[in-house]
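Here's a quick briefing to read with the structure open beside you. Have a look at the fold, then work through the notes below.

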Amino acid sequence: MTPLFSALLSPTGSSSNLSASKAIMGTLMLSTTVMMSGCDQPPTYDYIKGETMGTSYHITFQNPKGVNQDEIQQAIDKRLQQINLSMSTYMQDSTISKFNRLGAGESITVDADFIKVLNDSKQVYQQSGGAFDPTVMPLINLWGFGTVMTAERLQNPPSASEIATAKALLDFKGIKLTEDKLSKDKPNVALDFSAVAKGYGVDVIAEVLHKDYKINNYMVEIGGEVSTSGVNQNAQPWQIAIDAPIIDSTVSERYTLAAIRQPLLSNKLHLATSGNYRNSVVFDGRRYSHTIDPTTGQPIAGGAPSVSVVADSVSLADAWATALTAMTYEKALATAKQHNLAVLFVIPKDGKIHDEVPSLEEIKKNKADPLAYWEVVETPAMKTLRSGQKD
């Protein structure tokens, strides 16, 4: 997933000048936008940014006590470093890397952050029927779906035997947690939390702001995953706009299809958006995502180009957005309804789910209305959330 995230100028002329790109190992892209409504004499908001988890974070907040920004950022960076030391597969001395090197039956002590992400992952793994699986990396490696994807592997796909061999290394059920000791039933099984860790990082930053500094009005973003609370600098509830999944859209050139407003009763929003349209290819008349369905061992064809999820935490929203992207659109919609998830899908109109996604250049050349290409589909829970009828 590689969303582009930015803040629009408010009617008062203020802006948080926010832009970032997200890369989650593999990766997909889409766009989201923070929209701000205007009012007279807006309060002063601070803005900080930094680097983490192979991408960047951006935070806009009202500081009621006037605490130095550097102090807040140092506290945030310290917590994010703790998460990296726990869950980064790029760090050889991280807890997750040490676990991945363990043999069957061996155990390692894991921290509270690790346990929380593991439990969130297990919840989504079970409810999604295995579509979200943090042990899926052997299949991704088998298909050669890294940061650059081509149709070559689809022209010469792995054999059924190769897929079966790789699937044998997927064993999330065999990972056992006893108090704070983690072990696995099979050797060579490895965890990768890249599809949930950034969402958890957003939750952690929000916790630092609220609990440590009593900050109640904020927007936190890591690589496109978002948490909001209270009101924005224009004293209005935060809104996140979902852009059309156009292949080469940018922060300055994009088209908004829908907006998700922070619920009034909870006064908070936890949102993650995934898409499969950037890191994908068309082969033999069908569009394939780099996302692998762990249950079949095959790349997804016919998935929704954009999936936005609102959940009780950004960690859960992130995991669910990944799980629903790893399904065909029809299966994803049915699963979301079954579990009463608040999900907004963006799909091509007229059932053209497998067709080439339009490019920005094509839209400009044809002088076409990009909204004519897309249909927004909401689950009942998302309709309720967006209608404001219920928190």
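What follows covers an annotated site and some charged side-chain pairs.

Keep in mind that this is a predicted model. UniProt, in an unreviewed entry, puts a "binding site" at Ala 195, Asp 318 and Thr 322. Those positions are spread over 128 residues of sequence, yet they cluster in space, with a largest C-alpha distance of 6.7 Å. Elsewhere in the model, the count of salt bridges comes to six, and three of them are picked out below.

**The annotated site**

- Ala 195 sits in a loop, with β8 (181-184) on one side and α7 (197-213) on the other.
- Is Ala 195 buried or exposed? Its relative accessibility is 15%, so Ala 195 counts as buried, the cut-off being under 20%.
- Asp 318 belongs to helix α8, which covers residues 314-325.
- With a relative accessible area of 0%, Asp 318 is buried too.
- The side chain of Asp 318 has a polar atom 3.1 Å from the backbone nitrogen of Gly 199.

**A salt bridge between two helices**

- Arg 79 and Asp 113 pair up through their side chains, with an N to O distance of 3.0 Å.
- Arg 79 is in helix α1 (residues 69-87) and Asp 113 is in helix α3 (residues 112-127), so this salt bridge ties together parts of the chain that are 34 residues apart in sequence.
- Both partners, Arg 79 and Asp 113, are buried.

**Salt bridges within a helix**

- In general, oppositely charged side chains can pair when their charged atoms come close.
- Lys 116 and Asp 120 make a salt bridge, and their closest N and O atoms are 2.7 Å apart.
- How are Lys 116 and Asp 120 placed in helix α3? They are four residues apart, so about one helical turn separates them.
- Lys 116 is partly exposed at 35% relative accessible area, whereas Asp 120 is buried at 5%.
- Lys 211 and Glu 207 also meet in a salt bridge, at 3.3 Å from N to O.
- This pair lies in helix α7, where Lys 211 and Glu 207 are four residues apart and therefore separated by about one helical turn.
- Lys 211 is exposed, with a relative accessible area of 52%, while Glu 207 counts as partly exposed at 35%.

Methods:
Residues are numbered from 1 along each chain as its sequence is written. This is a predicted model: local features need pLDDT of at least 70, side-chain atom pairs count only at pLDDT 80 or more; totals for chains, interfaces and linings use all residues. Side-chain values use heavy atoms; hydrogens and water are left out. UniProt positions are given in the numbering used here, feature names are shortened, and annotations may be inferred rather than shown by experiment. Buried means under 20% relative accessible area, exposed over 50%, partly exposed in between (1.4 Å probe, protein chains only). A polar contact is a pair of N or O atoms within 3.5 Å; within protein, one must be able to donate a hydrogen and the other to accept it, and residues adjacent in sequence count only if both atoms are side-chain atoms. A salt bridge is a side-chain nitrogen of Lys or Arg within 4 Å of a carboxyl oxygen of Asp or Glu.
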